[in-house]
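User: Please take a close look at one part of this model and describe how it connects to its surroundings. Give the cut-off for each term as you go.

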Amino acid sequence: QVQLVESGGGLMQVGGSLRLSCAASGSIFVINAMGWYRQAPGKQRELVAAITRGGSTNYADSVRGRFTISRDNAKNTVYLQMNSLKPEDTAVYYCNADGFTTKGYKYDTWGQGTQVTVSS
């Protein structure tokens, strides 16, 4: 099994910055894509940013230019640097990862979520 643990959420004022981290552990053979999603109250979960093992990235239009996703393959960790935060960035942020376990099983795993609140 593979587990994801997020950290770094919290309360921030408009225009501030936060950095989220997500560490994967368990029976990992390889992690392919890693990504960050968010879900605001009353809304569906949406993709914020994703990154492949090779470093190719994809961003939601609403965060492009403000957020940066990166990963450290040696540490099985993905990061989300969030700058110029806006009230509409307030949500629970979830980490996601997919790949294969050491026994050859495919996994697609979610973290427990971390709250980000941006106050105006």
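Analyst: **A loop glycine and strand β11**

Leaving aside neighbours within four places in sequence, G16 is in contact with M82, N83, S84 and L85, where contact means heavy atoms within 4.5 Å. The structure is a predicted model, in which local features need pLDDT of at least 70 and side-chain atom pairs count only at pLDDT 80 or more, while totals for chains, interfaces and linings use all residues. Residues are numbered from 1 along each chain as its sequence is written, and side-chain values use heavy atoms, with hydrogens and water left out.

G16 is found in the loop between β2 and β3; strands are DSSP runs of E with at least two residues, numbered from the N terminus. G16 counts as buried because its relative accessibility is 14% (buried is under 20% relative accessible area, exposed over 50%, partly exposed in between, with a 1.4 Å probe and protein chains only). G16 lies 9.8 Å from S119, C-alpha to C-alpha, although the two are 103 residues apart in sequence.

S119 belongs to the uncovered face of β11, together with Q115 and T117. The covered face of β11 consists of T114, V116 and V118. In a regular strand, side chains alternate between the two faces of the sheet.

β11 pairs with two strands described here; pairing requires at least two DSSP bridges between the strands. With β2 (residues 10-13) β11 pairs in the parallel sense over four bridges, and M12 stands opposite V118. With β9 the sense is antiparallel, over three bridges, and Q115 is the bridge partner of V92.

T114, in β11, counts as buried because its relative accessibility is 11%. Its side chain reaches the backbone nitrogen of G9 at 3.4 Å, a polar contact (N or O atoms within 3.5 Å; within protein one must be able to donate a hydrogen and the other to accept it, and residues adjacent in sequence count only if both atoms are side-chain atoms). Outside four places in sequence, T114 is in contact with E6, G9, L20, A91, V92 and Y93.

Y93 leads to the largest nonpolar core, which has 30 residues; W36, L80, M82 and Y93 have the most contacts inside this core. Such a core is a set of buried Ala, Val, Leu, Ile, Met, Phe, Trp, Tyr and Cys residues joined through side-chain atoms within 4.5 Å. Among the strands that each supply at least two residues of the core are β7 (67-72), β8 (77-82), β9 (91-101) and β11 (114-119).

L80 in β8 stands opposite I69, which is on the covered face of β7 with F67 and R71. β7 and β8 run antiparallel, joined by six bridges. They form a hairpin with four residues between them, and N76 in the turn has a positive phi of about 50°.

Two charges sit over rings (NZ of Lys or CZ of Arg within 6 Å of the ring centre and within 35 degrees of the ring normal): R19 over Y79 at 4.1 Å from the centre, and R45 over W110 at 4.6 Å.

W110 counts as partly exposed because its relative accessibility is 36%.
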